Amino acid sequence: MKSHLGRRPFSAMELHTLSHGYIYGDHRLPREQPKHWHFWLPLIAYYTGAYSDEIGHLQLTDIVTHDGIACFNFHTHGKIKPRMVPVHKALFEAGLTDYIALLEQQNETRLLFDLPSKSGRYSEKVRIWFSGEGERAGYLQKCDIPTVDQLGMKTAMSSLRLNFEQQIRIFALQANSKDAFNYLMGFIDYSEETFTNTELLNCVLQQLRNINPHIHWKRFTARLSA
């Protein structure tokens, strides 16, 4: 697995903790200022392997149907290749269709419309919310997950990409398609611009483990109004 700045994937227990934290529960924290992107971004990161900046850039028009399969069209990261990543069924089960309907009703064009950018990038705001900064605790700290472990390895939002990589590597090799792995990760090891077998990509991706089948965006919005 390719390391990223000394980071490691989350353990199975840490994934469980993150996906059962207050964002995905029934009660919001005192003085919390919840945003829709707080709910969606970690989920999309886990189920697509995309970086937070890629996810922040997604337009509603970047959710496309390709060969009958709903996909995210990622094409905004300079270091990894554009790619069509099938939408995992867990995201639909979490209310993605309902959320998109609300955005269309409100004439929003960007999927995570309430995630602000800084100098054209979304990752800085994500980093502060997820990992904290100075005395400000992030979602990790509020879930009692350290940002640095005893071996000095870090966890951050991009750790979810490493969890994606771990699983996709196995499922793609089981499907006898290293190309599918390299394409879904956006690695230059896959030299073609497109991947013609979307059904194979979808078969590989849908095997990603559902980390919390009880998550739903409407539950989150009910929590907002509590």
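This is a short chat about a helix pair and two cavities in a predicted model.

Student: Why is α8 called roughly antiparallel to α9?

Tutor: Look at the angle. The axes of α8 (residues 159-174) and α9 (residues 178-185) cross at roughly 160°. Angles over 145 degrees count as roughly antiparallel, so α8 gets that label relative to α9. The axes also come within 8 Å, and the crossing is right-handed.

Student: Which residues of α8 and α9 make the contact?

Tutor: From α8 there are Arg161, Phe164, Glu165, Ile168, Arg169 and Ala172, and from α9 Ala180, Phe181, Leu184 and Met185. By class, that contact has 7 nonpolar, no polar and 3 charged residues.

Student: What makes a space in here a cavity?

Tutor: A 1.4 Å probe fits inside but cannot get out. Searching the whole structure turns up 3 cavities of 30 Å³ or more, and the largest holds about 90 Å³ of space.

Student: How do you know which class each residue lining the largest cavity belongs to?

Tutor: Go by residue type. Leu, Tyr, Pro, Phe and Ile count as nonpolar, and the lining includes Leu15, Tyr24, Pro42, Phe130 and Ile211. Ser19 is in the lining too. The split is 10 nonpolar, 1 polar and no charged. Helices α1 (12-19) and α2 (36-48) each supply at least two of the lining residues.

Student: And what classes line the second largest cavity?

Tutor: That cavity, with about 70 Å³ of space, has 7 nonpolar, 2 polar and 1 charged residues in its lining. Glu counts as charged, and Glu93 is one of the lining residues. The largest share, 3 residues, comes from α4.

Terms used. Residues numbered from 1 in each chain as written. Predicted model: local features only at pLDDT ≥ 70, side-chain atom pairs only at ≥ 80, totals over all residues. Heavy atoms only, no water. Axes fitted to C-alpha atoms, helices over the stretch in contact; angles between N-to-C directions. Helix = DSSP H or I, 4+ residues; strand = E, 2+ residues; numbered from the N terminus. Parallel < 35°, antiparallel > 145°, perpendicular 65-115°, else oblique. Left-handed = near helix turned anticlockwise from the far one by under 90°. Contact = heavy atoms within 4.5 Å. 1 Å grid on protein atoms, 1.4 Å probe; cavity = no way out; pocket = protein on both sides within 12 Å on 5 of 7 lines; lining within 4 Å. Points joined across faces, edges and corners; volume = space filled by probe spheres on them.
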